[in-house]
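Please take me through this model by its definitions. For each label, I want the value and the cut-off behind it.

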Amino acid sequence: MSDATLARSGQVPTRKVAFRGGGFRPVAKRGIGFVVFVALLLVIEWGTRAGWIGNLTLPRPSDVGQTLWALAESGQLWVHMQPSLTRLVVGSLLGVSLGVAVGVLIGLFSYARAGLVPLVAALFPIPKIALLPLFVIWFGIDEASKYALIALGTFTPTVVSTYGAVDNVDRTLIRMGQSFGLTWWSIVRKIVVPGALPGILSGLRVSLAIGIILLVAAEMLGAEYGIGAYILQAGSLYDLEKLFAGVVILSALGVLTSSGIGLIERRLLRWRA
Amino acid sequence: MKLALEQITHHYAGLPVLEDISLSIPAGEILCIIGPSGCGKSTLLRLIGGLERPDFGQVLQLGEPPEGCLNPLTYVFQDFALLPWRSVGGNISLVLEDHGIRGRQADEIIEDVLARTKLSDFRKALPRQLSGGMKQRVAIARALAVKPAVMLLDEPLSALDAQTRELLMDDLLALWTRQPFSGVYVTHNLAEAVRLGHRIAVLSRRPGKVREIIEIDLPLEERHHGHARLDEVQAHLWSLMKQEAMAADQELLDV
């Protein structure tokens with residue numbers, strides 16, 4: 001007979017050891033996000049129909065849906081999307097690629113670090129929207145000033161996340177590269193940049209979200225078409241349905257870029273557990 | 001090719017770590033360096049391979065490295081230092097690419113070194129899929145790929161469990177018997193030192209000085225567990241190191 005059963009047959013008080021581990025480990029649950037979103041919409045719909053949400057407080061979700069549908073049907077959606085997407089893509093491409101380059105330089109060279117980190121720290125907290133008039137003077141009222149605004153807005157967070165990521169690259173891997181006689185350029189290309197990629201990509205999520213925020217700001221001045229222009233127009237007329245239709249498009253854009261980065265992460269960072 | 005260390009002295013932030021170390025590493029022999037923790041063994045190894053510059057003294061390379069040698073002084077690190085984003089094959093090709101070896105020629109070298117380290121089936125695996133022992137074998141394969149004149153092994157078995165360590169020790173012995181290489185093997189494990197070292201340099205605690213160099217005149221292939229001569233040497237090593245280790249243990253760390 002085993003010890004365990006022996007112990008149980010005796011007249012000692014016996015209790016099960018209570019489980020006290022577990023938790024603190026959130027896992028992805030499929031579809032929950034969607035359910036929360038739909039539930040929220042249903043509550044608002046119900047509220048606006050029942051009347052305990054005034055129609056000046058929030059527009060009816062179904063009305064917003066209809067506005068969106070009409071916008072898509074008339075072809076106006078694409079008229080507004082196309083310039084906005086171009087601005088976002090060109091601006092953030094400029095900002096992000098420059099930001100990664102400067103971030104890697106700061107991560108690798110003492111002088112670049114000493115000289116540029118304070119500069120980036122000084123640029124980061126400036127609300128870029130405040131600089132829009134300045135950009136209009138510098139780059140004209142056309143597209144260039146909009147690109148510049150979005151580029152500057154995505155540049156600073158990208159620099160900060162990139163040099164942080166380069167700092168976190170395992171130094172023993174770099175020593176290994178040196179010990180095998182790899183050239184400086186090989187070490188940067190094959191060890192530093194891939195090692196920093198996880199950090200760069202997660203920084204990119206923040207940068208692109210800021211890019212979308214600035215898109216609206218950029219379209220405040222001298223833009224006839226664009227999602228931002230559409231929202232601002234609706235806002236100044238207190239047309240809440242249109243306003244919310246525009247906001248929905250921006251949110252969708254945010255979700256789309258974020259999941260796009262998620263896709264890139266899954267493809268490029270397969271080596272992570 | 002021989003290596004000679006001449007009166008190497010080194011400091012870290014004013015604190016002497018190595019003092020007047022002179023050693024020679026003849027071709028085809030393995031020199032083990034042992035000493036209590038913090039005596040500067042690993043620093044010494046980094047100095048030998050040129051990853052750090054000594055304050056005084058020099059490391060000399062006597063004679064030319066053998067034909068076909070891509071990287072004369074090649075390390076095997078304690079923590080393997082494999083690129084996690086490259087497969088086993090990719091980690092080896094990394095050190096060949098810079099020498100312009102690609103395609104067929106690289107393939108042949110990779111196949112060969114993987115076969116020698118019994119890793120042929122794992123060429124496409126990623127480091128995270130491998131056990132510690134396998135990772136270190138990949139690192140050894142990578143070192144073999146550049147045909148080193150001297151292998152610099154920095155506690156290569158210390159991150160592994162006891163059984164794996166035993167298996168890998170056998171592999172290292174087999175590699176050496178098939179094709180003798182020169183090596184510097186840093187360890188704090190006396191049993192490893194007497195199994196693999198033709199000569200064993202015992203360092204004192206910080207600042208590290210050479211206390212004694214012991215030669216073991218028993219061929220590597222005849223060394224196995226419980227060999228009387230090896231036990232004798234190991235006991236002697238322990239008697240040398242015990243006082244040092246105890247004293248080193250009592251020191252406050254302020255580096």
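Q: What makes the residues of chain A and chain B count as part of the contact, and how many does each give?
A: Contact means heavy atoms within 4.5 Å. On that test, chain A gives 19 residues and chain B gives 23 residues. This is a predicted model; local features need pLDDT of at least 70, side-chain atom pairs count only at pLDDT 80 or more, and totals for chains, interfaces and linings use all residues. Residues are numbered from 1 along each chain as its sequence is written, chains are lettered from A and ligands numbered from 1 in the order in which they are written, and side-chain values use heavy atoms, with hydrogens and water left out.

Q: How much area do chain A and chain B bury between them, and what does buried area mean?
A: Buried area is the accessible area (1.4 Å probe) that two parts lose on being put together, summed over both. Here the total is about 1800 Å², with 67% of it on carbon and sulfur atoms. On the chain A side, A:Phe180, A:Lys190 and A:Trp271 lose the most area to chain B, together 41% of what that side buries.

Q: Why is the pair A:Lys190 and B:Glu97 called a salt bridge?
A: A salt bridge needs a side-chain nitrogen of Lys or Arg within 4 Å of a carboxyl oxygen of Asp or Glu. The N to O distance for A:Lys190 and B:Glu97 is 2.8 Å, so the pair qualifies. Two salt bridges are counted between chain A and chain B.

Q: Which helices of chain A give two or more residues to the side that touches chain B?
A: They are helix 8 (171-179) and helix 9 (184-218) of chain A. Helices here are DSSP runs (H or I, at least four residues) and strands are too (E, at least two), numbered from the N terminus. Helix 8 of chain A gives the most, with six residues.

Q: Why is B:Asn71 called buried?
A: Buried means under 20% relative accessible area, exposed over 50%, and partly exposed in between (1.4 Å probe, protein chains only). B:Asn71 has 8%, so the label is buried. B:Asn71 is in the loop between strand 4 (56-62) and strand 5 (73-76) of chain B. Leaving aside neighbours within four places in sequence, its contacts include A:Ser179, A:Phe180 and A:Gly181.

Q: Is A:Arg87 buried or exposed, and what of A:Glu143?
A: A:Arg87 is buried, because its relative accessible area is 4%. A:Glu143 is at 28%, so it counts as partly exposed. A:Glu143 and A:Arg87 form a salt bridge, with the closest N and O atoms 2.8 Å apart. The pair links helix 7 (residues 143-167) and helix 4 (residues 76-108) of chain A, 56 residues apart.

Q: What makes B:Lys209 and B:Glu19 a salt bridge?
A: Their N to O distance is 3.9 Å. That falls within the cut-off, so the label holds. B:Lys209 is in the loop between strand 8 (199-203) and strand 9 (210-215) of chain B, and B:Glu19 is in strand 2 (residues 15-25), so the pair ties together parts 190 residues apart in sequence.

Q: How confident is the predictor in chain B?
A: The scale is pLDDT, the predictor's confidence in each residue, from 0 to 100. Chain B averages 89, and 99% of the residues score at least 70. Confidence in chain B is lowest in helix 7 (residues 228-250), at a mean of 83, and highest in helix 2 (residues 88-97), at 94. The model scores ipTM 0.88 and pTM 0.83.
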